[in-house]
Amino acid sequence: MTQQQHVRTRSPRLRRRALAVGATLAVAAATAATVATTTAAPAEAATYGTISAHRGGGWGPDNSLKAFKGALAANIDDIEGDVYFTTDDVAVFRHDNSLSACGLNRTITGSSWAQIDQVRCSGEPLARLTDVAAAFRASPNTNAVLRVELKHPASQTAAAAQADARLLVSRLVDRGIASRSIIQDFDWRTTAATIHAARSTMRVSCLESSVTDAEVATADSKGCYDLSYNYANWRDGLNATIHGKGMQVAVWTVNSASTFTRFRDDLHANVIITDYPGAAKGW
């Protein structure tokens, strides 16, 4: 999980994306009043130490379908991954936009799905949101939440980021897992309102490396479900301030038992993202 920096330039795909998501979001808006009582974040949520499997959690290569299926089979309640969109609007799980580490000198956002569908990263094919959503629907682990980070290429405009946010909501609705999903984003100041406009009950995780009290207030004003920050940047009173605004606390990436138990038992982090979710079940 690393923060993206954006150079604001114009994207050519906005009109096509707006048309693509319009019908889905209209249906979602029409039924929002009905689904709100079942998909909104529970007001009483005060569970501490929910394990989140970082990039699928090690049951396979990062962000691979194998990893996600392994986390589901292990009954992990929160499974995190990163998504970029191809030029033909296929949502693909990968932390890095570049595919050079997989032997291809291309980026996901600069390629169509047909141009990259044969790529293997650490021996595994790229996972599409379609495939991951199907795994969630098929799994008996019906408590699992998909925590999907919307990734942005460095040259993306604010308008393009918002278009991607609408598209991601649309895809989660289409795949039948919107109520089981959380969208997290470092660019939440740009995208949170767009996400909520597309689906009022969609949970948004506002990602930061470190958090000031002013940022807590801003996140609250944007309707963030949780504030997710680098655990190393915890400071006294931070979690209480976040909870005081009615938001949950998520921390990343915690890979030792002592740190995990401290954030669960003493600092009351609701969600703890780790590379070792299997081991964390025993912490």
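Student: Quick one to start: is Glu208 buried or exposed?

Tutor: Glu208 is buried, with a relative accessible area of 6%. Keep in mind that this is a predicted model.

Student: Which residue does Glu208 pair up with in a salt bridge?

Tutor: That would be Arg189, and the N to O distance between the two side chains is 2.8 Å. Glu208 sits in strand E9 and Arg189 in helix H7, so their salt bridge ties together parts that are 19 residues apart in sequence.

Student: And Arg189, how much of that one is accessible?

Tutor: Arg189 has a relative accessible area of 37%, so it counts as partly exposed.

Student: How can side chains pair like that anyway?

Tutor: Side chains of opposite charge can pair when their charged atoms come close.

Student: How many salt bridges are there?

Tutor: The count comes to 10. One of them joins Arg147 and Asp78, at 3.1 Å from N to O. Arg147 is in strand E7 and Asp78 is in strand E2, so this pair ties together parts that are 69 residues apart in sequence.

Student: Are Arg147 and Asp78 buried or exposed?

Tutor: Both are buried. Salt bridges that share partners also join Asp78 and Arg147 with Asp226 in one network.

Student: What about Glu149, what does it bridge to?

Tutor: Glu149 forms a salt bridge with Lys151, and their closest N and O atoms are 3.5 Å apart. Glu149 is buried at a relative accessible area of 1%, and Lys151 also counts as buried at 1%.

Student: OK, zooming out. How many helices and strands does the chain have?

Tutor: There are 11 helices and 12 strands. The chain has 283 residues, and buried ones make up 53% of them.

Student: What about the outside, how much area does the chain expose?

Tutor: About 11,700 Å², with carbon and sulfur atoms supplying 50% of that.

Student: And which residues touch the most others in the largest nonpolar core?

Tutor: Ile79, Phe93, Leu146, Leu172 and Ile183 do, in a core of 55 residues. Beyond its neighbours within four places in sequence, Ile79 is in contact with a list of residues including Phe68, Leu72, Phe136, Leu146 and Arg147. There is also a second, separate core of 11 residues, with Leu99, Ile116, Val119 and Cys121 among them.

Student: Why would nonpolar residues gather like that?

Tutor: In soluble globular proteins, nonpolar side chains tend to be buried together.

Student: Let's pick a helix. Which residues of H5 are buried?

Tutor: Leu129, Val132, Ala133, Ala135 and Phe136. Looking down the axis of H5, these buried residues fall within an arc of 155°, so they line one face of the helix.

Student: Why do residues a few places apart in a helix point the same way?

Tutor: An α-helix has 3.6 residues a turn, so residues three or four places apart point the same way.

Student: What does the buried side of H5 pack against?

Tutor: The buried residues of H5 pack against several elements, including helix H3, strand E2, strand E7 and helix H6.

Student: Switching topic: how many disulfides are there?

Tutor: Two turn up in a search of the whole structure. One joins Cys102 to Cys121, with the sulfurs 2.0 Å apart. That link is right-handed, with 105° about the S-S bond. Cys102 is in the loop between E3 and helix H4 and Cys121 is in strand E4, 19 residues apart.

Student: What's the other one?

Tutor: Cys206 and Cys224 form a disulfide, with their sulfur atoms 1.8 Å apart. Their link is left-handed, at -65° about the S-S bond. Cys206 belongs to strand E9, while Cys224 is in the loop between helix H8 and strand E10. Both cysteines are buried.

Student: Last thing, the backbone. Where is the cis peptide bond?

Tutor: It joins Trp252 and Thr253, with omega about -25°. Thr253 is in the loop between strand E11 and helix H10. Most peptide bonds are trans, and most residues other than glycine have a negative phi.

Student: So what is the phi of Asp89?

Tutor: Asp89 has a positive phi of about 70° although it is not a glycine. Asp89 lies in the loop between E2 and E3, and it is buried at 5% relative accessible area. Asn75 also has a positive phi, near 60°, but Asn75 is partly exposed at 48%.

How values were computed: Residues are numbered from 1 along each chain as its sequence is written. This is a predicted model: local features need pLDDT of at least 70, side-chain atom pairs count only at pLDDT 80 or more; totals for chains, interfaces and linings use all residues. Side-chain values use heavy atoms; hydrogens and water are left out. Helices (H or I, at least four residues) and strands (E, at least two) are DSSP runs, numbered from the N terminus. Buried means under 20% relative accessible area, exposed over 50%, partly exposed in between (1.4 Å probe, protein chains only). Accessible areas come from the Shrake-Rupley method with a 1.4 Å probe; for residues, only the protein chains shown count as cover. A nonpolar core is a set of buried Ala, Val, Leu, Ile, Met, Phe, Trp, Tyr and Cys residues joined through side-chain atoms within 4.5 Å. Contact means heavy atoms within 4.5 Å. The arc is that of the directions from the helix axis to the C-beta atoms. A disulfide is a pair of cysteine sulfur atoms within 2.5 Å. A salt bridge is a side-chain nitrogen of Lys or Arg within 4 Å of a carboxyl oxygen of Asp or Glu.
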